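Thanks for coming. I will take one model and go through a few of its local features. Please have the sequence and the structure open.

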Amino acid sequence: MNAPTLATIPQADPGAGYRAQKAEIDAAVARALESGWYILGKEGTAFETEFADWLGLNRAVGCANGTDALALILRGLGIGPGMTVATVSHTAVATVAAVEMTGATPLLLDIDPDTYTMDADELLSVLDDPPPGLPPIKAVIPVHLYGQACDLRPMLEATRDAGIPLIEDCAQAHGATLDGQKLGTFGTAAAFSLYPTKNLGALGDGGVLATDDADLADRIAAIRQYGWKERYISAMVGVNSRLDEVQAAILRVKLTALDAGNARRQAIAAAYDEALAGGPIEAPMRRPGAGHVFHQYVLRCPNRAEAQAHFKALGVGTGIHYPVPVHLQAAYKDRTPLGPAGCAETARAAEEVLSVPMYPELSDAQVERICGALRGLAG
């Protein structure tokens, strides 16, 4: 008789996050529904306050999604047509889409191959000597990728010297730190996605941005609802990007478990590291001084197709974050300017990165199965 086939462990499982806090989430949803107020009400205000307090900043503003969070910050800072925003190509396309939503031009820089985050040296180079023919660089968006900090210190110094804002893309870095300080608290403002698979995820779409600049927060709060400061009267050009009350209520519950969830991710990552020790595939590199929260646990596999087949045969799901760099996708290829490095390291990484399951609800037995698969990896 054949042995029973083991159920595949999914690479991501947002439903597990709901089930882990089902009673509390169901009660929060019922409370929001019973209130009769479903947009920009008490739940949203409470979530904004609680998130800002957790992060350690004065203000947070909820919105429809993480892409909008970035775009709203840019709009609030007056970034738009005739301006360039430097960011990276090795990211979710949302980062670049947010820049183009404002009418600004994205300039795509390369990555440090060890951490997959923006090459600080290339950023300093383009700030000192901008590529010819581009509008002036008026903002920088480094992406804290996979749960780990960018090389922020030189970037902050360079942007301060240039007199331009640094906006942190924290879509994958809820609770991550650098030198003990939470990411999202270094720059002018920070944007967080609340997509269901994030470390802090809604059960639908959502986003939030945070800043210590009260005037900027007030402008953004108006812009997210048609530029209204007075109902139905647009004081400035705005958009419609609001976090609904049901999602805000859910997020208030999930925020209470975020720190514990990140600690569980770190424990799982340590187990994976041990399983890889001495083998042909190295564990993900940690930046010195960075507190990595492992939104993803990303391997670099020169023979990725073989590695994927190996995991599949053992019932372990995998993902690729990201298979095609933004600058090589049809919507952006040959029209989006690149930095002097030409995103060469970005292109190489896209051929080799592979994500294995990583979320706090993985059971010890599932973690051990994944560790067994990691121990069996070929070079």
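**A strand pair, a helix face and a surface patch**

I start with a single pair: Thr87 stands opposite Leu108 in S3. Keep in mind throughout that this is a predicted model.

That pair belongs to two parallel strands, S2 (residues 84-88) and S3, joined by five bridges. Helix H5, residues 94-101, completes the arrangement: S2, H5 and S3 make a β-α-β unit, and the unit is right-handed.

Is S3 enclosed or open? Strand S3 covers residues 105-109, and four of the five are buried, so the rest of the structure largely encloses this strand.

Next, helix H11, residues 304-313. Which of its residues are buried? Arg304, Ala307 and Phe311 are. Viewed down the axis of H11, the buried residues fall within an arc of 60 degrees, so they line one face of the helix. The general background is that an α-helix has 3.6 residues a turn, so residues three or four places apart point the same way. On the other side of H11, the exposed residues are Ala305, Glu306, Lys312 and Ala313.

Last, the surface. Which residues form a nonpolar patch there? They are Leu33, Tyr38 and Ile39, and together they have about 270 Å² of accessible area. Ile39 is located in the loop between helix H2 (22-35) and helix H3 (42-55). Its relative accessibility is 36%, and because partly exposed runs from 20% to 50%, Ile39 falls in that class.

To recap: S3 is largely enclosed, the buried residues of H11 line one face, and Ile39 is part of a nonpolar surface patch.

Key: Residues are numbered from 1 along each chain as its sequence is written. This is a predicted model: local features need pLDDT of at least 70, side-chain atom pairs count only at pLDDT 80 or more; totals for chains, interfaces and linings use all residues. Side-chain values use heavy atoms; hydrogens and water are left out. Patches are made of residues with over 30% relative accessible area and no salt bridge: like charges are joined within 9 Å, nonpolar side chains (Val, Leu, Ile, Met, Phe, Trp, Tyr) within 5 Å. Accessible areas come from the Shrake-Rupley method with a 1.4 Å probe; for residues, only the protein chains shown count as cover. A salt bridge is a side-chain nitrogen of Lys or Arg within 4 Å of a carboxyl oxygen of Asp or Glu. Buried means under 20% relative accessible area, exposed over 50%, partly exposed in between (1.4 Å probe, protein chains only). Two strands pair if DSSP finds at least two bridges between them. A crossover is right-handed if, with the strands pointing away from the viewer, the path from the first strand over the helix to the second runs clockwise. The arc is that of the directions from the helix axis to the C-beta atoms.
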